[in-house]
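Me: I should like to learn how to read the features of a structural model, one at a time. Please give the general idea behind each feature and then the case at hand.

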Amino acid sequence: IDILRELGVEIRCGVDVGKDVTLDSLRDEGFKAFYLAIGAQGNRPLGVEGEDAQGVSGALSFLRETIEADVVGNACDVADEVVVVGGGNVAMDAARSAMRLGAETVYIVYRRGMAELPARKEEVEHAEEEGIIFKTLCNPVEIHPDENGFVKSITCVEMELGEPDASGRRRPIEKKGSEFELDVDTVIMSLGTSPNPLIRSTTPGLDTNRKGGLIVDENEMTTRTGVFAGGDCVTGPATVIRAIAAGKVAAANIDEYLGFHHEIDPGVEIPTARLNNKPPHGRIDTTEREAGERKHDFKCIECGLTDEEAYSEASRCLRCDHFGYGIFRGGRKGKW
């Protein structure tokens with residue numbers, strides 16, 4: 001951040017774009033190009049009765065509160081019986097965090113089977129080891145609050161997989177008369193995320209797809225001239241690496257749009273790759289703390305490398321830019 005400021009970048013915090021200012025008002029101030037990197041931090045609702053009950057929250061807001069409490073050293077309470085709806089990496093994080101905060105029972109409810117879980121295999125395995133209960137081929141249909149408006153249970157229905165849908169995955173179909181009830185105190189929704197709709201609603205002509213993502217062309221320009229976008233607000237939830245790459249591409253495209261063509265040299269001289277007689281060998285698999293120990297705290301799960309393992313890793317060939325997949329892209333670039 002300090003490097004950006006030294007380069008002359010002005011950072012304005014506490015500004016709600018779409019409320020405090022709009023893209024049109026910024027254009028009136030003289031700005032000629034815009035880049036939207038707003039991410040996808042909005043929780044998608046489930047759309048069932050009782051979703052407004054006390055004790056129902058989105059996974060991202062739940063994790064944000066957990067992290068903030070852990071950073072400042074405050075206690076973050078959680079109910080005894082928790083259900084997480086969804087099967088992605090965020091759902092696994094939410095379920096495992098709830099366990100660490102003291103929940104006695106944590107369920108993950110997912111409408112497809114274990115084989116179709118979108119979360120990383122390692123995340124699923126870790127969750128199972130820590131005692132998370134998977135209720136797959138199930139889908140919530142109603143949340144029941146008590147007389148005070150707090151969650152007391154959730155009704156789910158069993159599912160079965162039918163023919164593949166547009167995504168190529170088998171479509172889940174309800175089994176008639178298979179409803180059952182789970183007694184829970186907290187419901188955490190992890191059904192995916194979407195970009196903040198405020199900018200879209202205050203910027204006429206900014207088109208989105210059915211999931212709320214911004215539509216861009218091959219140059220990452222949106223349907224509004226001079227407004228570029230990239231990262232999760234375009235692709236949907238993805239990796240930091242993809243978002244960083246999108247920012248670099250957008251910077252070059254904005255440069256061209258404004259009538260310039262600058263080449264940026266990172267100032268690093270990359271030596272020529274050369275063959276050697278080192279035999280190829282795989283990566284070192286790091287060890288992990290026992291599930292019974294790690295599920296009670298937020299300390300690192302993976303253990304560090306021993307000296308011997310570190311030497312072994314350091315001796316491996318790391319020139320994938322030349323010998324690996326990078327060669328299909330022309331190798332690592334010194335300029336972009």
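The dialogue below takes up overall make-up, cysteines, salt bridges, surface charge and backbone angles in turn.

Me: What kind of model is this, and how are its residues numbered?

Reply: This is a predicted model, in which local features need pLDDT of at least 70 and side-chain atom pairs count only at pLDDT 80 or more, while totals for chains, interfaces and linings use all residues. Residues are numbered from 1 along each chain as its sequence is written, and side-chain values use heavy atoms, with hydrogens and water left out.

Me: How many helices and strands does the chain have?

Reply: Helices (H or I, at least four residues) and strands (E, at least two) are DSSP runs, numbered from the N terminus. The chain has eleven helices and 13 strands. Its C-alpha atoms fill a box of roughly 65 × 60 × 50 Å along the principal axes.

Me: What share of the residues is buried?

Reply: Buried means under 20% relative accessible area, exposed over 50%, and partly exposed in between (1.4 Å probe, protein chains only). The areas come from the Shrake-Rupley method, and for residues only the protein chains shown count as cover. Of the 336 residues in the chain, 35% are buried.

Me: How many disulfides does the structure hold?

Reply: A disulfide is a covalent bond between the sulfur atoms of two cysteines. In the coordinates, the criterion is a pair of cysteine sulfur atoms within 2.5 Å. The structure holds zero disulfides.

Me: Why is C156 without such a bond?

Reply: The closest cysteine sulfur to that of C156 belongs to C138 and is 6.1 Å away, which is too far for a bond. C156 is buried, because its relative accessibility is 0%. C233 is likewise in no disulfide, the nearest cysteine sulfur being that of C13 at 19 Å. C233 also has 0% relative accessibility and therefore counts as buried.

Me: How many salt bridges are found in the whole structure?

Reply: A salt bridge is a side-chain nitrogen of Lys or Arg within 4 Å of a carboxyl oxygen of Asp or Glu. A search of the whole structure finds 16 salt bridges. One of them joins the side chains of D2 and R5, at 4.0 Å from N to O. These two residues are three apart in helix α1 (residues 2–6), so about one helical turn separates them. D2 is exposed at 52%, whereas R5 is partly exposed at 47% relative accessible area.

Me: Which parts of the chain does the salt bridge between D165 and R112 tie together?

Reply: The side chains of D165 and R112 meet at 3.1 Å, N to O. D165 lies in the loop between β8 (151–164) and β9, and R112 in the loop between β5 (105–110) and α5 (121–129), so the pair ties together parts that are 53 residues apart in sequence. Both residues are buried.

Me: Which residues are joined into one network by salt bridges that share partners?

Reply: A separate pair may be noted beforehand: R316 and E313 form a salt bridge at 3.6 Å, N to O. R316 is partly exposed, because its relative accessibility is 22%. The network formed through shared partners contains R96, R100, R120, E122, E123, E129, E130 and R294.

Me: Which residues form the negative and positive surface patches?

Reply: Patches are made of residues with over 30% relative accessible area and no salt bridge; like charges are joined within 9 Å, and nonpolar side chains (Val, Leu, Ile, Met, Phe, Trp, Tyr) within 5 Å. Lys and Arg count as positive and Asp and Glu as negative, with His and the chain ends not counted. The place of a charge is NZ of Lys, CZ of Arg, CG of Asp or CD of Glu.

A negative patch is formed by D80, E104, E181, D183 and D185. Within that patch, D185 lies in the loop between β10 (180–182) and β11 (186–189) and is partly exposed at 33%. A positive patch gathers R111, R169, R171, R210 and K211. R171 is placed in strand β9 (residues 170–174) and is partly exposed at 45%.

Me: Where is L137, and what is its phi?

Reply: L137 is not a glycine, yet its phi is positive, at about 55°. L137 is found in the loop between β6 (133–136) and β7 (138–145), partly exposed at 28%. E220 also has a positive phi, near 65°. E220 is found in the loop between α6 (197–201) and β13 (227–229), and is buried at 14% relative accessible area.

Key: Areas by Shrake-Rupley, 256 points an atom, 1.4 Å probe, with all protein chains shown as cover.
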